[in-house]
Amino acid sequence: MRARQRGRPDNQTPAVGGGLVYVSSTYGVASLHALDTATGRVRWTSELPHPAATSPVLADGVVYVDDQQGDLSGLAQATGCRAWSDTQGLAQLDGTGNLVVAGGTIYIGATAYQIDRQPSSCRIT
């Protein structure tokens with residue numbers, strides 16, 4: 001990835017797992033990128049509805065990130081395909097929050113939200 005030349009830098013910590021590092025970006029279009037740890041090359045990029053407000057977190061083959069409007073996205077770690085999302089604006093964050101996933105629940109700051117394991121068009125492998 002090229003160094004950021006302008007705009008506000010992202011302040012989220014990347015997540016690492018399965019030979020990939022996951023990093024959010026607001027340079028140009030708000031997005032999440034998966035970079036190969038061995039080569040540094042971009043494996044996939046997935047556009048986010050709004051700039052990320054949390055660091056990405058990995059759980060059960062899914063990378064989760066909440067955006068600044070409270071839209072929570074779950075993307076397949078291997079492909080970036082949207083596997084799950086909640087766009088009800090449940091947790092609007094200003095870039096200082098964190099996600100934790102435990103026992104099928106996503107914890108966002110002091111707010112808990114139960115993950116509904118609904119079928120999606122994205123196959124997680």
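Helices (H or I, at least four residues) and strands (E, at least two) are DSSP runs, numbered from the N terminus. The exercises below apply this definition to a predicted model.

**Exercise 1. Determine how many helices and strands the protein chain has, and how confident the prediction is.**

Solution.
Step 1. The secondary structure of the protein chain consists of zero helices and eleven strands.
Step 2. Read from the N terminus, the elements are therefore written β-β-β-β-β-β-β-β-β-β-β, given that strands are numbered from that end.
Step 3. The average pLDDT of the protein chain is 76, and 69% of the residues score at least 70.
Step 4. Residues 1–9 have a pLDDT under 50, and the model gives them 13 contacts beyond four places in sequence. Residues 117–125 are also below 50, with 15 contacts beyond near neighbours in sequence.

**Exercise 2. Describe the surroundings of strand β3: which strands pair with β3, and in what direction do they run?**

Solution.
Step 1. Strand β2 (residues 20–25) is joined to β3 by six bridges, and the two run antiparallel. Within this pair, Tyr-22 lies opposite Ala-34.
Step 2. Five residues separate β2 and β3 in their hairpin, and Gly-28 in the turn has a positive phi of about 85°.
Step 3. On to the next strand: β3 is joined to β4 (residues 42–47) by five bridges, again in an antiparallel arrangement. Here Leu-35 has Val-42 as its bridge partner.
Step 4. The hairpin of β3 and β4 likewise has five residues between the strands, and Gly-40 takes a positive phi near 80°.

**Exercise 3. State whether the residues of β3 are buried or exposed, and which way they point.**

Solution.
Step 1. In a regular strand the side chains alternate between the two faces of the sheet.
Step 2. In β3, Ser-31, His-33 and Leu-35 point one way, while Leu-32, Ala-34 and Asp-36 point the other way.
Step 3. Six of the six residues of β3 (residues 31–36) are buried. For the protein chain as a whole, buried residues make up 43% of the 125 residues.

**Exercise 4. Find the salt bridge of the structure and classify the exposure of its two residues.**

Solution.
Step 1. Side chains of opposite charge can pair when their charged atoms come close.
Step 2. A search of the whole structure yields one salt bridge. The partners are Arg-43 and Asp-36, whose closest N and O atoms are 2.7 Å apart.
Step 3. Asp-36 has a relative accessibility of 17%, so this residue counts as buried, the limit being under 20%.
Step 4. Arg-43 has a relative accessible area of 45%, so this residue is partly exposed, since exposed begins over 50%.

**Exercise 5. Give the strand order of the open sheet of four strands and explain why β5 and β8 stand at the edges.**

Solution.
Step 1. The order of the sheet is β5-β6-β7-β8, with antiparallel pairing.
Step 2. β5 (57–59) and β8 each have a single partner strand, so one side of each has no neighbour in the sheet. From one strand to the next, the twist averages 25°.
Step 3. Strand β6 (residues 62–66) is joined to β7 by five bridges, and Asp-66 has Leu-72 in β7 as its bridge partner.
Step 4. Four bridges join β7 (residues 72–76) to β8 (residues 82–86), where Leu-75 lies opposite Arg-82.
Step 5. In the hairpin of β7 and β8, five residues lie between the strands, and Gly-80 takes a positive phi near 80°.

Notes
Residues numbered from 1 in each chain as written. Heavy atoms only, no water. pLDDT = per-residue confidence, 0-100. Contact = heavy atoms within 4.5 Å. Buried < 20%, exposed > 50% of the residue type's maximum accessible area, 1.4 Å probe, protein only. Pairing = 2+ DSSP bridges. Salt bridge = Lys/Arg side-chain N within 4 Å of Asp/Glu carboxyl O. Axes fitted to C-alpha atoms, helices over the stretch in contact; angles between N-to-C directions.
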